[in-house]
Amino acid sequence: VSELIRMPTIHWPFILLVFLSTVGFTLIHNIRWTTLVKGISSTSIDPKIGFFQFYHWLLNSYALGTMIPNDISLAGVRTFYMNRTQILSFPLALFSVLLDRFFDFIVFFALAIPSALFMTKVANGTGALFYLGCIMAMIFLFISWKKGEGIDYLMKVYRSGMNWLSRLPIIGKRMVGRWREASDITSFREGSVHQLMGWSFLKYFF
């Protein structure tokens, strides 16, 4: 208690800003994940269930991530909920989570290069932001150039990973065949990749 009493004055407007940015971060993440699930699912999903129910599951994943590795909780908890409620089968549920995390990897790659330039003092803050803007523009131009083929490239990456896992003795025999079939069931519109990429960058903006 004595340590808490000696704490500096808490600036509540900043605490509120942290709370609002966290809410924005999770809401945008849920919009992206829901969009992915609707694109993968062959059946229509009730919009209310698709957003609010999924948001509940996502928050549970983040909450569990405070006690176990976050990547495990984000993948395992959401896959478990979708499979249990029969919204998606286990292979499709896992596939939606893997695609969701793959978009995070793209954003990480885009941020890593200008961040490394800034930390090594090769570029200042303005220069790093300029390089980040150029990388983001290149990503969206590439998606526009390939049009509807953007998801096809993601599928190729997914299948490559599944082919690698199929070489493992236990996983390869029991699960990989079912996971591989999931990549063939997609119904994304041409503009969906732009939206998913935009949600991904907006998520990390928050």
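A residue is called buried when its relative accessible area is under 20%, exposed when it is over 50%, and partly exposed in between. The exercises below apply these terms to a predicted model.

**Exercise 1. Which residues of α10 are buried?**

Step 1. Locate the helix: α10 covers residues 192-205, which makes 14 residues.

Step 2. Apply the cut-off of under 20% relative accessible area. The residues of α10 that pass are S192, V193, L196, M197, S200, F201 and K203.

Step 3. Look at the spacing. An α-helix has 3.6 residues a turn, so residues three or four places apart point the same way. The buried set of α10 includes V193, L196, S200 and K203.

Step 4. For the whole protein chain of 206 residues, the buried share is 36%.

**Exercise 2. What span is expected for α5, and how far apart are its end C-alpha atoms?**

Step 1. Take 1.5 Å times one less than the number of residues. With 30 residues, α5 should span 44 Å.

Step 2. Compare with the model: the end C-alpha atoms of α5 lie 42 Å apart, which agrees with the expected value.

Step 3. Check the axis. At A112, α5 bends by about 25°, and the proline P114 follows within four residues.

Step 4. Repeat for α10: its first and last C-alpha atoms are 20 Å apart, close to the expected 20 Å.

**Exercise 3. Where is K121, and is K121 buried or exposed?**

Step 1. Place the residue: K121 sits in the loop between α5 (90-119) and α6 (125-146).

Step 2. Classify it: K121 has a relative accessible area of 75%, so it is exposed.

Step 3. Read the backbone angle. Most residues other than glycine have a negative phi. K121 is not a glycine, yet its phi is positive, near 60°.

**Exercise 4. Which residues make the nonpolar surface patch of about 550 Å²?**

Step 1. List the members: L4, M7, I10, W12 and I15.

Step 2. Place one of them: M7 belongs to the loop between α1 (2-5) and α2 (12-40).

Step 3. Classify M7. Its relative accessibility is 45%, so M7 counts as partly exposed.

Step 4. Set the patch against the total: the accessible surface of the protein chain is about 12,900 Å², and carbon and sulfur atoms hold 69% of that surface.

**Exercise 5. How many helices and strands does the protein chain have?**

Step 1. Count the elements: ten helices and zero strands.

Step 2. Turn to contacts between residues at least 6 apart in sequence. Of these, 65% link residues at least 24 apart.

Key:
Residues are numbered from 1 along each chain as its sequence is written. This is a predicted model: local features need pLDDT of at least 70, side-chain atom pairs count only at pLDDT 80 or more; totals for chains, interfaces and linings use all residues. Side-chain values use heavy atoms; hydrogens and water are left out. Helices (H or I, at least four residues) and strands (E, at least two) are DSSP runs, numbered from the N terminus. Buried means under 20% relative accessible area, exposed over 50%, partly exposed in between (1.4 Å probe, protein chains only). Contact means heavy atoms within 4.5 Å. Accessible areas come from the Shrake-Rupley method with a 1.4 Å probe; for residues, only the protein chains shown count as cover. Patches are made of residues with over 30% relative accessible area and no salt bridge: like charges are joined within 9 Å, nonpolar side chains (Val, Leu, Ile, Met, Phe, Trp, Tyr) within 5 Å. A salt bridge is a side-chain nitrogen of Lys or Arg within 4 Å of a carboxyl oxygen of Asp or Glu. The bend at a residue is the angle between axes fitted to the seven residues ending there and the seven starting there.
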